[in-house]
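Please work through the following exercises with the sequence and the model at hand. Each task is followed by a solution in steps.

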Amino acid sequence: MKQQRVLVTGASSGIGLELAKVYAQQGYAVVLLARSQAALEQLAAELRSQYKVGVEVLVADLRQPDAAVRVTQDLAQRGLTIDVLVNNAGFGLLGPHAQSGVQEQMDMLQVNMMALTQLTRLLLPGMLERNAGGVLNVASTAAFQAGPNMALYYASKAFVLSYTEALHEELAPTGLHVSCLCPGPTRTAFFAGDKLQNVRLLKFGSQSAEEVARFAYAAFQRNQAIAIPGLKNRLLAFSTRFSPRAVTRKLAQALNQ
Ligand SMILES: NC(=O)c1ccc[n+]([C@@H]2O[C@H](COP(=O)([O-])OP(=O)(O)OC[C@H]3O[C@@H](n4cnc5c(N)ncnc54)[C@H](OP(=O)(O)O)[C@@H]3O)[C@@H](O)[C@H]2O)c1
């Protein structure tokens, strides 16, 4: 059987880096995408020597509105077909909506939602033609309720969850897998910023990026529509169905401080 190839966005650190490792370990050829070229080259060298798989580095800034089109052009020029797309790149902004920088907010929506959507739209036809592979989108447990003090981040992840669930059903009759990974707090550079590293949410436990990545890979192989790693995270996400919205958003607000 032909070797499958995965494109992992946000592969320079955290969950994306661990997902790239898991896919390489499973024998996939890997395309690593992020802005940090040095980190990607280092990971590429490690994966090539450890797992003997093809690894390509693709440096791109997904804040740029034309990034997804450029990425797919670059892939075509290098003759690289993508079987599995892992849309993992993303970041969060903490603070009152009226106080975060407008450009930073728009950049976040561009990376978390628009680039993810455009890459999916551009790479799906090839997957459908080959009737193999699929899309693993990374949302968050933030997708399940509104998040005062991180309003746009929560809203961007709600978009990812809704979009991915719909795609999962649309593509159910095909051989493609579509999953939405919804991690809870995970120990990565996501929380490295001045404000985020002290956020209360982190005081209630967190998972390692490796644990989350291994869970995500297995869930995607099963074509699980929504994959929430960790029992506590699953219970919390489930509880939002029965709690009044006013309660869940106030709880989220208390944790986003
Ligand atoms: N950590 C958590 O608790 C948690 C919980 C739920 C969901 N998530 C989600 O998990 C995903 C991965 O986050 P993480 O926790 O692993 O954080 P991370 O370690 O900060 O990794 C984020 C990745 O996204 C890439 N990225 C950010 N902006 C980019 C841009 N403009 N263009 C291209 N790549 C960009 C970063 O690479 P460069 O900086 O090199 O570009 C990095 O590889 C995100 O979507 C995040 O929302 C995280």
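The exercises below treat the sheet, the helices upon it, the ligand site and two loop residues.

The model is predicted: local features require pLDDT of at least 70 and side-chain atom pairs pLDDT 80 or more, while totals for chains, interfaces and linings use all residues. Residues are numbered from 1 along each chain as its sequence is written, and side-chain values use heavy atoms, with hydrogens and water left out.

**Exercise 1. Determine the strand order of the open sheet and identify its edges.**

Step 1. Helices (H or I, at least four residues) and strands (E, at least two) are DSSP runs numbered from the N terminus, and two strands pair if DSSP finds at least two bridges between them.

Step 2. The 7 strands follow the order β3-β2-β1-β4-β5-β6-β9, with parallel pairing.

Step 3. The edges are β3 (55–59) and β9 (226–227); each has a single partner strand, so one side of each lacks a neighbour in the sheet.

Step 4. Within the sheet, β5 (residues 134–138) and β6 (residues 177–181) pair in the parallel sense over 5 bridges. Val 135 stands opposite Val 178 in β6.

**Exercise 2. State which strands α2 and α6 lie across.**

Step 1. Contact means heavy atoms within 4.5 Å. Axes are lines fitted to C-alpha atoms, for helices over the stretch in contact, with angles from 0 to 180 degrees between N-to-C directions.

Step 2. Helix α2 (residues 37–51) lies across β2 (29–34) and β3, at about 175° to β3.

Step 3. Helix α6 (residues 209–221) lies across β4 (84–87), β5, β6 and β9, and runs at about 150° to β6.

**Exercise 3. Describe the polar contacts of the ligand and its burial.**

Step 1. A polar contact is a pair of N or O atoms within 3.5 Å; within protein, one must be able to donate a hydrogen and the other to accept it, and residues adjacent in sequence count only if both atoms are side-chain atoms.

Step 2. A ligand nitrogen is 2.9 Å from a side-chain N or O atom of Asp 61. A ligand oxygen is 3.0 Å from a side-chain N or O atom of Lys 157, and an oxygen of the ligand is 2.7 Å from a polar backbone atom of Thr 186.

Step 3. By the Shrake-Rupley method with a 1.4 Å probe, the ligand taken alone exposes 870 Å², of which the protein buries 94%.

**Exercise 4. Locate Asn 149 and Asn 223 and give their phi values.**

Step 1. Asn 149, in the loop between β5 and α5, has a positive phi near 80°.

Step 2. Asn 223, in the loop between α6 and β9, has a positive phi near 55°.
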